Amino acid sequence: MENLMISASGVRGVAGETLDPAFLAKFASAFGTFVNGGKMIIGRDTRRTGEMLKQAIFAGLLATGCEVLDAGICPTPTNLFVAGQLQVDGAITITASHNPIEWNGLEFAKANGELLDETDRTRLMEIFDAEKIELASWDKVGVVKKIDDAVDRHIDKILSLPYIDEKIISAKSPKVVIDCVNGAGSVISPKLLNRLGCEVIELYCVPDGNFPRAPEPTPDSLEDLCELVVAKKADVGFAHDADADRLTIVTEKGKALSGEYTMALAADFMLSKSSDKRSVTVTVSTSQIVEDVARKHGVPVYRSKVGCGFVAEKMRETNAVIGGEGTGGIMFPEVHYTADGITCLAVFAQMLAESDRPISAMVDEIPEYFMSKQKVEIESKNMASEMMESFVKKHSDETIDLTDGIKLTRGNSWVGVRPSGTEPVIRVFSEARTQNEADDFCREIINELGRPCRP
Ligand code: MG
């Protein structure tokens with residue numbers, strides 16, 4: 001099925017096509033069995049299909065005896081933070097994150113909101129595929145309880161962080177524009193920025209699920225935000241994806257930055273606050289700019305497979321100060337090991353309040369690299385593995401890293417080749433010191449693999 005993806009982070013599909021209630025209820029029952037009918041927290045983003053998904057998974061969970069805590073509309077990081085605070089046995093966030101509006105999905109977490117590791121995912125899929133679902137007897141069927149304070153719990157935690165001081169932020173009162181794409185961040189993000197003492201201008205902060213732009217906060221989808229930042233003479237613009245685990249930054253000059261800069265600037269700030277200067281964890285496909293930042297602070301960068309779960313595992317293993325991905329999903333271990341666009345807002349507000357320079361000057365200090373990203377459409381996953389195998393053979397005399405997909409390095413440039421976990425495509429991305437070099441490298445590999453579909 002083209003429009004159904006079961007990946008490391010959960011299940012995604014298109015409502016009305018692959019996400020039917022029977023499938024959703026069965027998946028929820030499999031997860032209910034996985035947590036032994038324990039206590040579960042459920043939150044959702046604002047997509048208009050969210051309520052349908054919610055009712056179906058509630059039925060599936062209650063049938064396996066789960067006590068279901070309904071957190072309503074809340075961002076993925078908020079749902080997972082509250083899962084940790086309330087020490088529940090599992091969490092599901094109903095979201096398709098940055099995918100287009102017709103998509104929706106389920107993201108699973110285990111006890112205390114921790115992301116599933118490889119063993120957990122295998123066990124869950126075994127329960128689902130082999131239909132090892134354990135239904136509760138009639139008198140043990142679960143109940144639903146509402147949770148109304150998820151947003152406030154998350155905000156209170158962020159305000160208690162040692163590196164966030166609302167007195168310093170209030171004194172400077174940075175003027176910020178926040179674009180939540182009418183998604184799950186629409187309530188919490190303006191509220192947090194106000195509590196921090198920022199002067200807040202809201203853009204698309206109505207939690208109705210009508211996305212006025214692409215939900216993926218890439219620089220080319222943020223035209224309205226860039227214009228408003230300049231028109232209002234704001235110090236910075238912020239943009240989330242639909243479930244607010246990601247954050248994209250727009251400078252005071254109205255320039256939208258790639259998520260790589262969210263990672264690099266946040267790492268610079270967090271390392272400057274860390275007394276024992278430990279390490280940074282990013283994925284194999286994250287930009288080299290974070291290496292330059294880490295070098296300045298004298299700490300190593302560790303690389304994991306692509307995906308929040310893998311970053312989290314590596315961060316725990318290496319005791320990282322901060323971790324994340326070039327998509328703008330950043331993790332702050334004092335809050336939890338999951339990408340958190342909400343905590344990231346506070347970090348940038350503090351950074352601006354402590355600095356005498358505008359955000360564009362901070363960006364100018366970071367050595368520039370250029371990336372090129374393309375994708376090739378494929379017909380099946382089997383086809384992807386054949387293509388990858390022959391690619392590795394052909395380039396066996398070059399520098400190749402197989403941590404996740406293929407990373408081929410040539411001097412200051414590298415190219416990544418990786419089948420997507422959520423779409424039937426192979427992603428090809430390159431990085432170099434000039435845009436031409438990056439484009440050429442990407443093009444060379446695309447030509448080798450097949451026809452590009454769209455950038
Ligand atoms: Mg997301």
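This tour moves through a predicted model one selection at a time, saying at each stop what is there. Residues are numbered from 1 along each chain as its sequence is written, and side-chain values use heavy atoms, with hydrogens and water left out. Because the model is predicted, local features need pLDDT of at least 70 and side-chain atom pairs count only at pLDDT 80 or more, whereas totals for chains, interfaces and linings use all residues.

**The magnesium ion**

Begin by selecting the magnesium ion, which is coordinated by Ser97 through OG and by Asp241, Asp243 and Asp245 through OD, at 2.0 to 2.1 Å. Donors here are N, O and S atoms within 2.8 Å of the metal (3.2 Å for Na, K and Ca), and water is not among the atoms, so sites may look incomplete. Along the chain, the donors follow the spacing S-x143-D-x1-D-x1-D. Asp241 and Asp243 are both buried, where buried means under 20% relative accessible area, exposed over 50% and partly exposed in between, with a 1.4 Å probe and protein chains only.

**Cys180 and strand 8**

From Asp241, go to Cys180: the C-alpha atoms of these two residues are separated by 6.9 Å, although they lie 61 residues apart along the chain. Cys180 is in the loop between strand 8 (175-179) and helix 7 (188-196); helices (H or I, at least four residues) and strands (E, at least two) are DSSP runs, numbered from the N terminus. Cys180 counts as buried because its relative accessibility is 0%. If residues up to four places away in sequence are not counted, Cys180 touches Gly185, Ser186, Ser189, Leu203, Tyr204, Cys205, Arg213, His240 and Asp241, contact being defined as heavy atoms within 4.5 Å.

Now select strand 8 itself, in which four of the five residues are buried. Strand 8 pairs with strand 9 (residues 199-203) in the parallel sense over five bridges, and two strands are taken to pair if DSSP finds at least two bridges between them. To see the register, show Val176, which stands opposite Val200 in strand 9.

**The four-stranded sheet and its helices**

The next selection is an open sheet of four strands in the order 13-12-14-15, with mixed pairing. Its edge strands are strand 13 (301-304) and strand 15 (330-331), each of which pairs on one side only. Strand 14 (residues 322-324) pairs with strand 15 in the antiparallel sense over two bridges, and Gly324 stands opposite Ile330 in strand 15.

Add helix 9 (residues 259-273), which lies across strand 12 (280-283), strand 14 and strand 15 and runs at about 170° to strand 14. Axes are lines fitted to C-alpha atoms, for helices over the stretch in contact, and angles run from 0 to 180 degrees between N-to-C directions. Then add helix 10 (residues 289-297), which lies across strand 12 and strand 13 at about 150° to strand 13. The buried residues of helix 10 are Ile289, Val290, Asp292, Val293, Ala294 and His297, and they pack against helix 9, strand 12 and strand 13. Just after helix 10, look for Gly298, which takes a positive phi of about 70°.

**The aromatic pairs**

The structure holds seven aromatic pairs; rings of Phe, Tyr and Trp (its six-membered ring) pair if their centres lie within 6.5 Å, with planes under 30 degrees apart counted as stacked, over 60 as edge-to-face and the rest as tilted. Select Phe23 and Phe27, an edge-to-face pair at 5.6 Å centre to centre with 65° between the planes. Since they are four residues apart in helix 1 (residues 21-34), about one helical turn separates them. Phe27 also forms a stacked pair with Phe128, at 4.2 Å centre to centre and 25° between the planes. Phe27 lies in helix 1 and Phe128 in helix 4 (residues 118-129), so this pair ties together parts that are 101 residues apart in sequence. Phe27 and Phe128 are both buried.

Widen the selection to Phe23, Phe27, Phe31, Phe34, Phe108 and Phe128, which form one aromatic cluster. The charged end of Lys26 sits over the ring of Phe128, 4.4 Å from its centre; this description requires NZ of Lys or CZ of Arg within 6 Å of the ring centre and within 35 degrees of the ring normal. Elsewhere, Lys407 lies over the face of Trp414, at 4.5 Å from the ring centre.

**Thr343**

End at Thr343 in helix 12 (residues 341-354), which counts as buried because its relative accessibility is 0%. Leaving aside neighbours within four places in sequence, Thr343 is in contact with His154, Ile158, Leu161, Phe332 and Val335.
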